[in-house]
Amino acid sequence: KAYYLLGLAYYKLSRYDEALYVLKEAIRLEPDNSTTIKLQAKIYYKKKSYKEALNLYKTLVDKESVDIEIALDLAKLYLELGLTDELIPYCNNLIKKYPDLTSAYLMLAEAYNTKEMFKEMVSVYEYLIKINTKEIKPYIKLAHYYKQHNQVDDAMQLFKKSAELEPENLYTKYELAEIYQLKGMLQKTIDICKSIINSNPPEELVPKVYSSLLNCYIKLERYGEIIPILKYVPKSPDLYFKIGKYYESINEIEYAEKYYSEAIELKPNPNLLSEICIQILEIGTVYLKKNMYKKAVELFKKVTSIINPLEYIKDTNVSYNIGIAYSLEGKDDDAIQWLSKFVELNPTDSKAFALLGIVYSKKKLYQESIKCYDEAIKLNPLTNISDDIALNLYEETVFSLKKVLELNPDEVIAHEQLCKIYFLLGRFTEASDSVKRVLELNTDSIDASLSLAKSLYNINRKEEAL
């Protein structure tokens with residue numbers, strides 16, 4: 001007995017090797033002592049020495065006076081080792097001896113499940129539910145089986161019953177919430193998840209619950225409710241992109257920009273990256289319309305450092321606006337570089353040629369600007385930008401050219417510039433006046449004048465053309 005007690009003390013301290021050493025002496029003195037053999041078997045099991053544990057348990061079970069605990073320990077060991085062929089007949093014999101032994105039924109069902117004998121497994125769980133309506137495990141196990149096999153309605157009923165049996169069991173509540181989510185009953189899922197969160201759930205359950213909440217909010221497009229739970233769910237570029245789009249849809253563009261930028265930092269795949277960048281460019285256009293030129297340029301520069309928007313953007317207005325932003329911010333070299341690339345890829349975009357001409361004018365590169373104006377008018381004589389977002393640039397250029405003419409009224413190049421710009425602005429009378437002044441100063445400009453006259457005639461401005 002003293003050896004046994006010492007071995008038991010070592011066992012409780014998890015000093016298994018010392019416990020086994022002492023128990024061997026106890027068994028030497030009392031070879032048939034079931035209590036000592038049982039402890040020795042448990043220690044081998046703890047040490048994962050399953051073969052030794054199995055042999056000892058079999059020795060104990062062979063005894064006529066075997067107790068239920070030992071019998072169940074052997075069943076658990078069979079299950080642990082995957083010895084289902086031995087476990088099934090063993091459990092059936094055990095059930096014959098102890099018809100109310102729920103644990104034996106549960107292990108038998110597990111063995112049937114392992115061997116994919118699902119019909120037999122279901123029968124065992126259904127029998128347990130029938131004879132013992134207060135035992136929750138059969139409900140949970142059978143519900144999981146139905147869930148895995150897409151029998152969602154059956155699973156839902158069983159999870160409901162489980163929640164009724166143990167209303168404080170937060171894991172069961174979560175399982176029910178998941179079933180509701182599968183059924184598309186999203187508000188019910190949200191309600192259960194919120195009740196779990198308010199019940200101080202175990203730490204390992206928290207991320208699962210918040211993940212379910214997140215999925216429901218996304219499906220319902222209730223992105224505003226996602227914000228408070230963001231810190232509890234994994235970050236993903238797709239999620240932050242969707243939140244950005246939500247904020248953009250309610251005109252909260254600063255928040256939209258914030259979440260788009262965070263989405264980029266999370267390294268999205270190339271397709272999503274291009275989508276995010278395009279949305280940022282759209283926000284840049286909004287900033288541009290609000291005369292927030294510096295902010296627009298910051299966003300445009302951020303995007304153009306990541307992708308080449310010309311390869312992705314189908315809406316040419318966005319690309320056009322990038323050039324406007326650069327010029328309005330005083331970054332004319334960047335504007336020229338961008339617009340030059342743009343017209344190279346879009347050689348029929350008259351507005352882009354006109355804008356490029358304006359930027360060249362600002363830089364006093366007048367020959368280049370004239371070429372661009374002529375190309376714009378040739379492509380589309382009705383390229384009217386009087387309501388364009390770039391109108392300020394045109395007006396500023398007109399103002400600058402007029403200043404030049406105040407100092408030197410006979411500056412032909414300034415008059416030539418003005419006649420083209422007036423034409424593009426739809427101010428045809430002023431365009432005609434400028435042409436007349438050009439002809440007075442330089443009769444060699446007859447070709448350019450005739451070209452402009454033809455363009456005026458083609459749009460039925462016959463009086464100005466004459």
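For the helix pair I looked up today, I took angles over 145 degrees between N-to-C directions to count as roughly antiparallel. I kept in mind throughout that the model is predicted.

**Entry 1, the helix pair.** I looked at helix α14, residues 237-249, and helix α15, residues 253-265, and found that their axes come within 8 Å and cross at roughly 165 degrees. The angle is over 145 degrees, and α14 and α15 are therefore roughly antiparallel to each other. I noted that the crossing of α14 and α15 is left-handed. On the α14 side I listed P237, Y240, F241, I243, G244, K245, Y247 and E248, which meet Y255, A256, Y259, Y260, E262 and A263 of α15. Sorted by type, the residues of this contact are ten nonpolar, three charged and one polar.

**Entry 2, the core.** I then turned to the largest nonpolar core, which has 155 residues, and wrote down I226, L239 and Y394 as those with the most contacts inside it. Helix α16, residues 270-289, gives the most to this core, with nine residues. I followed L239 further and, leaving aside residues up to four places away in sequence, found that L239 touches L214, I218, I226, L230, V233 and P234.

**Entry 3, a loop residue.** Is L101 buried or exposed? I located L101 in the loop between α6 (84-97) and α7 (102-114), and its relative accessible area of 13% is under the 20% cut-off, so L101 is buried. Leaving aside residues up to four places away in sequence, L101 touches I68, L72 and L94. Between L101 and L72 I noted 29 residues in sequence and 9.5 Å in space, C-alpha to C-alpha.

Definitions and conventions. Residues are numbered from 1 along each chain as its sequence is written. This is a predicted model: local features need pLDDT of at least 70, side-chain atom pairs count only at pLDDT 80 or more; totals for chains, interfaces and linings use all residues. Side-chain values use heavy atoms; hydrogens and water are left out. A nonpolar core is a set of buried Ala, Val, Leu, Ile, Met, Phe, Trp, Tyr and Cys residues joined through side-chain atoms within 4.5 Å. Buried means under 20% relative accessible area, exposed over 50%, partly exposed in between (1.4 Å probe, protein chains only). Helices (H or I, at least four residues) and strands (E, at least two) are DSSP runs, numbered from the N terminus. Contact means heavy atoms within 4.5 Å. Axes are lines fitted to C-alpha atoms, for helices over the stretch in contact, and angles run from 0 to 180 degrees between N-to-C directions. Angles under 35 degrees count as roughly parallel, over 145 as roughly antiparallel, 65 to 115 as roughly perpendicular and the rest as oblique. A crossing is left-handed if the near helix is turned anticlockwise from the far one by less than a right angle, and right-handed if clockwise. Ala, Val, Leu, Ile, Met, Phe, Trp, Tyr, Cys and Pro count as nonpolar, Asp, Glu, Lys and Arg as charged, and the others, Gly among them, as polar.
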